[in-house]
Amino acid sequence: MRIIGIDYGDSRVGIALSDPLGITAQGLKTLPNKVYDKMLDALVEIINTNGVCRAVIGMPKNLNGSLGIRAEVTNDFASDLKSRIPELEIVFQDERLTTVEASTFLNSTNTRGKSRKAVIDTVAAEIILQSYLDANPIN
């Protein structure tokens, strides 16, 4: 049983996968989101190829915990994904400050420029998924 972590954004979508035991998250890739249907097709392919049964999608909340316009967009994305894979379980994980945490990590690894832009969403997805796995152990 694998779980996918998703950091959804208007420009890019970060993807992470759990190990088969659901203990650790590994960053997989960042999908461009220039053509929405093409991005969804690629995501469905990743889910089907890896035997994913659950998607953990980062829910962008305001710092006070309220939901704003980005949360609505994320809910719409989750609905579109669910319509393509009805059996996929979808859960939301608070993603407040994950991009800051990803940025701090990339600073510590001295990742700069284009390399940074290419991986920050993947790292954010990894953080979202690992937070979920830590709070919801399978055993």
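Let's start with the buried residues of α2. They are Ala71, Thr74, Phe77, Ala78 and Leu81. Around the helix axis they cover an arc of only 120°, so they sit on the same side of α2. Turn to the other side of α2, and you find Ile69, Asp76 and Ser83 exposed. Keep in mind that this is a predicted model.

What do the buried residues of α2 pack against? Four elements: β1, α1, β4 and β5, the last being residues 89-94.

A quick check on the helix geometry. α2 has 16 residues, and at 1.5 Å a residue it should span 22 Å. Its end C-alpha atoms are 23 Å apart, which agrees.

Now take one residue from that buried side. Thr74 lies in helix α2. Is Thr74 buried or exposed? Its relative accessibility is 1%; buried means under 20%, so Thr74 counts as buried. Who surrounds it? Leaving aside neighbours within four places in sequence, Thr74 is in contact with Tyr8, Ile57, Gly58, Met59, Pro60 and Phe92.

Next, Leu81, also on the list of buried α2 residues. Again leaving aside neighbours within four places in sequence, its contacts are Ile6, Leu40, Leu43, Val44, Ile47 and Leu88.

That brings us to the cores. The largest nonpolar core has 21 residues. Which of them touch the most other members? Ile4, Ile6, Ile15, Leu43, Ile47, Phe77 and Leu81. At least two residues of this core come from each of β1 (2-8), β2 (12-18), α1 (36-49), β4 (52-59) and α2 (69-84). α1 gives the largest share, 6 residues. There is also a second, separate core of 10 residues. Its members include Ala25, Ala125, Ile128 and Tyr132.

On to the strands. β4 is mostly covered, with 7 of its 8 residues buried. It pairs with β1 in the parallel sense, over 5 bridges. As an example, Ile3 has Arg54 of β4 as its bridge partner. β4 is also joined to β5, by 6 bridges, and these two run parallel. Here Gly58 has Gln93 of β5 as its bridge partner. Recall that Gly58 is among the contacts of Thr74.

One point for anyone looking along these strands on screen. In a regular strand, side chains alternate between the two faces of the sheet.

Stepping back to the whole chain. We have 4 helices and 5 strands. Along the sequence the pattern reads β-β-β-α-β-α-β-α-α. Of the 139 residues in the protein, 43% are buried. How much of the contact map is long in sequence? Take the contacts with a separation of 6 or more: residues 24 or more positions apart account for 62% of them.

Last, confidence. The mean pLDDT of the protein is 86, and 82% of the residues reach 70 or more. Which elements mark the two ends of the scale? α1 has the highest mean pLDDT, at 98. The lowest is 58, for helix α3, residues 98-108. Where pLDDT is low, the predicted coordinates should not be read in detail.

To recap. α2 turns its buried residues to one side, and they pack against β1, α1, β4 and β5. α1 supplies the largest share of the largest core. β4 pairs with β1 and with β5. That's the tour.

Definitions and conventions
Residues are numbered from 1 along each chain as its sequence is written. This is a predicted model: local features need pLDDT of at least 70, side-chain atom pairs count only at pLDDT 80 or more; totals for chains, interfaces and linings use all residues. Side-chain values use heavy atoms; hydrogens and water are left out. A nonpolar core is a set of buried Ala, Val, Leu, Ile, Met, Phe, Trp, Tyr and Cys residues joined through side-chain atoms within 4.5 Å. Buried means under 20% relative accessible area, exposed over 50%, partly exposed in between (1.4 Å probe, protein chains only). Contact means heavy atoms within 4.5 Å. The expected span of a helix is 1.5 Å times one less than its number of residues. The arc is that of the directions from the helix axis to the C-beta atoms. Two strands pair if DSSP finds at least two bridges between them. pLDDT is the predictor's confidence in each residue, from 0 to 100.
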